[in-house]
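Thanks for coming. I will go through one model today, helix by helix, and then the cysteines.

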Amino acid sequence: MADVIKCVRCGQRVPGLDRAPFGGQLGRKIHEQVCQACWKAWVSTQNQLINHYGLSTINPEHQQFLINNMESFLFGQGLQTQIDTTLQGTIPN
C-alpha cells in the first residue's frame, strides 16, 4: 500500500504512488511528492500532447519536451506548452 504524502501539486494529504514511475532522481521525486490522482492527470495530459503533436517517445527531443512539460505540470505552474491546434503535428519552440 502506498504511503500517505502531502502532494506538491494539489496540496492534499493522500496516498502517493506505489513506486517511482521511472528511474533516476526525477522518478524518486515524483514518487515522494506526487499523489496518484495528480500522476493520473499528468498521464492523461501527456497522452494528449503525444497525440496532438505526433510525438515519438523514442525521439530525444520529444522526450525532453514531455519531461519539461511534466515537471511544469507536476511541480510548477501548469503546462509550459498550451495545446495549440494550429500547430498539430509539430513541436512548438
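The buried residues of α3 have α1 and α2 among what covers them. Before going on, this is a predicted model: local features need pLDDT of at least 70, side-chain atom pairs count only at pLDDT 80 or more, and totals for chains, interfaces and linings use all residues. Residues are numbered from 1 along each chain as its sequence is written, and side-chain values use heavy atoms, with hydrogens and water left out.

A few terms. Buried is under 20% relative accessible area, exposed is over 50%, and partly exposed is in between, with a 1.4 Å probe and protein chains only. Helices (H or I, at least four residues) and strands (E, at least two) are DSSP runs numbered from the N terminus. Contact is heavy atoms within 4.5 Å.

Back to α3. Which of its residues are buried? They are His 62, Phe 65, Leu 66, Asn 69, Met 70, Ser 72, Phe 73 and Leu 74. The helix has 16 residues and spans 22 Å from its first C-alpha to its last, close to the 22 Å expected at 1.5 Å a residue. That expected span is 1.5 Å times one less than the number of residues. At the N-terminal end, Asn 59 is the cap of α3, with a side-chain oxygen 2.8 Å from the backbone nitrogen of Glu 61. For such polar contacts the cut-off is a pair of N or O atoms within 3.5 Å; within protein, one must be able to donate a hydrogen and the other to accept it, and residues adjacent in sequence count only if both atoms are side-chain atoms.

Now α2. It has 18 residues and reaches 26 Å from first C-alpha to last, close to the 26 Å expected at 1.5 Å a residue. Cys 38, Trp 39, Trp 42, Thr 45, Leu 49, Ile 50, His 52 and Tyr 53 are its buried residues, and their cover includes α1 and α3. Just after the helix, Gly 54 has a positive phi of about 65 degrees.

Three residues of α2 one by one. Leu 49 sits in this helix and is buried, at a relative accessible area of 0%. Its C-alpha is 9.6 Å from that of Phe 65, which is 16 residues away in sequence. Thr 45, also in α2, counts as buried because its relative accessibility is 11%. A polar atom of the Thr 45 side chain lies 3.0 Å from the backbone oxygen of Ala 41. Trp 39 belongs to α2 and, at 17% relative accessibility, counts as buried. What does Trp 39 contact, leaving aside its neighbours within four places in sequence? Leu 17, Pro 21, Phe 22, Ile 30, Val 34, Met 70 and Leu 74. The C-alpha atoms of Trp 39 and Phe 73 are 9.7 Å apart, with their positions 34 residues apart along the chain.

That brings us to the core. A nonpolar core here is a set of buried Ala, Val, Leu, Ile, Met, Phe, Trp, Tyr and Cys residues joined through side-chain atoms within 4.5 Å. The largest one has 18 residues, and the members touching the most others are Ile 30, Trp 39, Trp 42, Met 70 and Leu 74. At least two residues come from each of α1 (24-33), α2 (36-53) and α3 (60-75). The largest share, six residues, is from α2. Apart from neighbours within four places in sequence, Met 70 contacts Phe 22, Leu 26, Ile 30, Trp 39 and Trp 42.

Next, the cysteines. How many disulfides does the structure hold? Zero, taking a disulfide as a pair of cysteine sulfur atoms within 2.5 Å. For Cys 10, the closest cysteine sulfur is in Cys 7 at 3.8 Å, too far for a bond. Cys 10 is partly exposed, at 35% relative accessibility. Cys 35 is in no disulfide either, with the sulfur of Cys 38 nearest at 3.6 Å. Cys 35 is buried, at a relative accessible area of 2%.

Last, the whole protein. There are three helices and two strands, in the order β-β-α-α-α from the N terminus. Of the 93 residues, 33% are buried. Among contacts with a separation of 6 or more, 49% are between residues 24 or more positions apart. The accessible surface is about 6000 Å², and 47% of that belongs to carbon and sulfur atoms. Areas come from the Shrake-Rupley method with a 1.4 Å probe; for residues, only the protein chains shown count as cover.
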